[in-house]
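Reader: I should like to learn how the features of a protein model are read, one at a time. May we begin once the structure is displayed?

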Amino acid sequence: MSISLHQLNANLIYQLRGLPMGGAILHLCSHPDDEDVGMVAYLARKLGVRVVCWSATRGEGGQTRIGPYQGEALGIYRTWESQAAREIDGGEALFGPFVDFGFSKNGAEALDKWGRERLVREIVRAIRFVQPQIVIGRWSGTEHDGHGHHQAVGLATPEAFAAAGDPHKYPELREHGLVAWQPRKLYLSTMGDWQPGEEVEFGKIIPAFERAGVVRLNTGEFDAMAGRTYQEQAWIAFNSHRSQAMGFSPEMGDFYYYYTLHTSLVSTSERETDLYDGLDATLTGLTEYPGDGSDFLNHYLAQIKAQAAAALASYRPDAPTEAVTPLLEGLTLLRECQAALADRPGNDEARQALHHYLDRKIVAFETAAAQCLGLRLECLTDDAHITPGQSFQLSARLWGQGHPAVVDRIDFSPCLPEGWRVQKTASSHSDKAYAQAEYQVTAAETAQLVCPYWLREATDRYHYRWPTGGSAGGPFEPPLVEIACQVTLGRHRLHLRQPALLREGFAGGFRELPMAVIPPISLHPESRRLMLQATDAVQRFTLKLVVRSNTETTGATGVLRVNHPAGWRVEPQQIDLALGPVGDARTAQFEVTIPAGVRPGQYPLRYIVKSGGRDYDVVLEPVRLGAPGLPYLPDGATCIKEAFITKPAEVTIQIIDIKFMPDLKYAYIVGAGNKVMPALSHFNLNFHPITDEELDFIDLSQFDAVVVGPNAYLVRDNLRKNGARLLNYVEQGGTLIVQYQAYGYQDGDFAPYPFRYHQPHDRVTYEDAPVTLLSPRHPLVNLPNKITADDFDDWVIERGLYFFGEWDQRYEPILACHDPGEEAKRGGMLVAGYGRGTYVYAAYSFFRQLPAGVPGAFRLFANLLSLSAARILKRTTLLKDVSIFAFMDEAQLRAVAQIMTERWLEPGTWLGHEGAVEDDMYIITQGEVEIIRESNANQVVVVAQPGEIIGEMEVLGHIPRAAAMRAKGQVHLLVISGADFRALLHTYPTMSERVIQMLVDKMVVTARENRAVFDRLD
């Protein structure tokens, strides 16, 4: 049971309450914020049982509402959040080795990627490690679970429950000390899935569950020790998941959870009233299993339980030593029982299982006894960051917190990694501690650099590679350096351990950081990925990085070089480094020459610095947690928690076969996360990031395209206020590219035409889902890059999310894809003409693909950026085939194309009436238009086809319409205002002369045609 370091005495009563208990609970989840948190607090705090929350993933595939972290870094951050929650609700956190690969619609996808057998085995591992009496599955394995990760864990849970007690299943776990263990009951939660912000009622009586086979817990009971109900404590704990925007107000009153009994290996009442119906939840419950009814074992366990109960009964906050004697007696009995079991005949599997169980109980008794005695072990170091071969000071102290205890002997022992050296030094004994010891420790030259254990090796995409040691599954690895202390009190002894910490204050708080081994010189590349266009010419670029000293006093020296592909040239070949003490830094740069004709692909350049006889070729990426309430992101001096991800010091040069339309200017409106802009920066595009202040006044017409970042309309209030400005920009000829936006986007007038999201929103989670080009001739998939199926290879995590579900016909879908078993999703890439400009909704996940360096995503995005130029190019090509424009040069055609607007007509819509004076001419691009003589009983004279211009004579001649025009079916038109066209004629005088000549010629032709008609009539 986790005990908050900030409330040791307040939590001691909970610790004592748990000593006589044996019926542990394992709660199986998929993500760190899945847990039925009220159940955890209720069982851990009220009953004192050990409750362990196992999460298959660390939630790294989710999106964060705070801070910059994503992916692996977010997984670390959410691990900290889980630990913080468990400190409050009394549970423990445990994790599986599965990568959170993003949202999944069904369990089949998750089982396919994680592997069903592997998932079952890892749940078995968790069961054998925790040794629970009861397993509570958070998920049922049905559609009611929502997320496919949830369904996968729900599907695997019953299978793992049955396999955990079979010693023939997963024998490899036995090699790590995880012997067979069979829980007695399996319950499944009925909570189902929900999302923060959804309107969901929790904790109510549900009549359908008031029946046999379902257990109801009321977590609204009052906990006198905390002064709050268990559910109040639970919500406070749950709010620790800040990155997932959890925010629940703790309120008093009844609160109900329901659990269905899936499997029971014991007899129970027809209508159970608690989870332990039919079970002995105390230590003597081990007698039946795994003790197989042993009277010998029951004799010991009954005595131990009695001593634990006596300790709880005799404990007083003002006189905690009253509880010490029964605690020490119980501890002695535990050790005697464990030793006696080793010599007794019987089932070896059961004997080992009991041995491991009693090991944990011994530690619990020792911890409680030490706290009641007022003993507190401390291990402090003078530096949290050390380098291989560095020496540092270690101070061990055993304090007595005002409660006199008879201590006969105290023995300290540093616990160090293999190869480290330690020498005891003189201590001054100036502190009022029971005992203290000082040591000088020297790290091995080959000391392993810091990195969370599950990130030390590259993943195989869906699984982390774990070490074989005992740390697998824990939130983090065991401390690098610890102090062990044996306290002898007469015939009793206590074994205490404490990690080495750096304790220091800073403005806004204090912190205790564990030790970490870092390189003597750290490398900080300017960029980890550099994108270049493929070319037949030689290419040159500059690599820059910062090198920083991490040594405390002597400074650091080294030689820096770059490993590169054969045929490439890097100058200089090496750089000699001489840096001062910690923090001293310099910028280094190399000039890289790529030979002509290098094919598209990825090419690694790896930095290596040789220092102290050892090569270092890694980058340490820090992940930091700040103190609550501080208004700024934490740095190395102000964080209260810190971890480093070790990654190769490598710059990936990605050469892409890509083209961009030249001489275009763009704006970018940053949304949630800002990794798209940095990814595009490698191509030297002319981008301007628009600030909130600029949204009010900046001249948008200067930009050929404005790109809106993911969820920008949701996270930037000033963007919502200026939504009309952006649509006006489009109407006047601009191109607006909106990346995916969540549900709130449909509630504002931010898009030019109506649309709706489905709920749940359409998304495609299979990153390799086939993509269909719905409009293969559209510029978006042709200019300047020809998009093919190959451009959708190697995408990551997903295709896209928040696709439009329903939309106005004026939106044109360009792409379609779908997950297996679903209908095609066509709302992920939609283009609409609006006024003179173009609106695009692009829900394909460029925010993931571009930072990941997916070539096809870059090519498609380049086409999006080029739509303004492509639109003009398409229109000029069309104009060349229209008689009155065919004579124009390119500049004149572009000028005409820029004044065009688009219009959609429903069947039967009248464009104009005979005799009316109107000022628009039309070019038909889709559909047909009937030319009608209204004066002759609405006679259809002719049907105009796509590519034809209509209404031009009347507009240019300032004369009434000779005939009416009506849409025959749905029609798409390009519209040219007469006023705008006449303004162009003033700008281009030669154009005016040619147009007059074209009109005269057309009038002559028309006159001849009319004369021929009259002759036939005569």
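Reader: Which residues of the largest nonpolar core touch the most other members?

Author: In soluble globular proteins, nonpolar side chains tend to be buried together. In this predicted model, the largest nonpolar core has 132 residues, and Phe412, Leu494, Leu560 and Ile653 touch the most other members. Helix 11 (residues 348-372) supplies the largest share of this core, 10 residues. Apart from it lies another core, of 83 residues, which includes Met677, Tyr745, Val831 and Leu850.

Reader: Which residues does Leu560 touch, not counting residues up to four places away in sequence?

Author: With those neighbours in sequence set aside, Leu560 touches Leu523, Leu545, Val547, Gln573, Gln574, Ile575, Leu577, Ala588, Phe590, Tyr607, Ile608 and Val609.

Reader: How many helices and strands does the protein have, and what are its spans along the principal axes?

Author: The secondary structure comprises 22 helices and 51 strands. The C-alpha trace spans about 135 × 75 × 50 Å along its principal axes. Of the 1018 residues, 54% count as buried. Among contacts with a separation of 6 or more, 75% are between residues 24 or more positions apart. The accessible surface comes to about 43,200 Å², and carbon and sulfur atoms account for 50% of it.

Reader: How is a single helix examined, and what span should the 16 residues of helix 6 have?

Author: One compares the expected span with the separation of the end C-alpha atoms. At 1.5 Å a residue, helix 6 (residues 148-163) should span 22 Å, and its end C-alpha atoms are 23 Å apart, which agrees.

Reader: Where does helix 6 bend, and by about how many degrees?

Author: The bend is at Thr157 and amounts to about 35 degrees; a proline, Pro158, follows within four residues.

Reader: Is helix 6 mostly covered or mostly uncovered?

Author: Helix 6 is mostly covered, with 12 of its 16 residues buried. Among the buried residues are His149, His150, Phe161 and also Thr157, the residue at which the helix bends.

Reader: How many salt bridges are there, and how should a pair within one helix be read?

Author: The count comes to 58 salt bridges. An α-helix has 3.6 residues a turn, so residues three or four places apart point the same way. Here Asp89 and Arg86 lie in helix 3 (residues 71-89), 3 residues apart, about one turn of the helix. The two form a salt bridge whose closest N and O atoms are 2.6 Å apart. Asp89 is buried, since its relative accessible area of 0% is under 20%. Arg86 is also buried, with a relative accessible area of 2%.

Reader: Which distant parts of the chain does the salt bridge of Glu767 and Arg461 link?

Author: The side chains of Glu767 and Arg461 meet with an N to O distance of 3.0 Å. Glu767 lies in the loop between strand 38 (762-764) and strand 39 (771-773), and Arg461 in the loop between strand 15 (435-442) and strand 16 (482-489), 306 residues apart. Glu767 is buried, with a relative accessible area of 6%, whereas Arg461 is partly exposed at 45%.

Reader: With which residue does Lys610 form a salt bridge, and which residues are linked in a network?

Author: Lys610 forms a salt bridge with Asp615, the closest N and O atoms being 3.7 Å apart. Lys610 counts as partly exposed at 41% relative accessibility, and Asp615 is partly exposed with a relative accessible area of 39%. A network of salt bridges links Glu72, Arg528, Glu621 and Lys647.

Definitions and conventions
Residues are numbered from 1 along each chain as its sequence is written. This is a predicted model: local features need pLDDT of at least 70, side-chain atom pairs count only at pLDDT 80 or more; totals for chains, interfaces and linings use all residues. Side-chain values use heavy atoms; hydrogens and water are left out. A nonpolar core is a set of buried Ala, Val, Leu, Ile, Met, Phe, Trp, Tyr and Cys residues joined through side-chain atoms within 4.5 Å. Buried means under 20% relative accessible area, exposed over 50%, partly exposed in between (1.4 Å probe, protein chains only). Helices (H or I, at least four residues) and strands (E, at least two) are DSSP runs, numbered from the N terminus. Contact means heavy atoms within 4.5 Å. The expected span of a helix is 1.5 Å times one less than its number of residues. The bend at a residue is the angle between axes fitted to the seven residues ending there and the seven starting there. Accessible areas come from the Shrake-Rupley method with a 1.4 Å probe; for residues, only the protein chains shown count as cover. A salt bridge is a side-chain nitrogen of Lys or Arg within 4 Å of a carboxyl oxygen of Asp or Glu.
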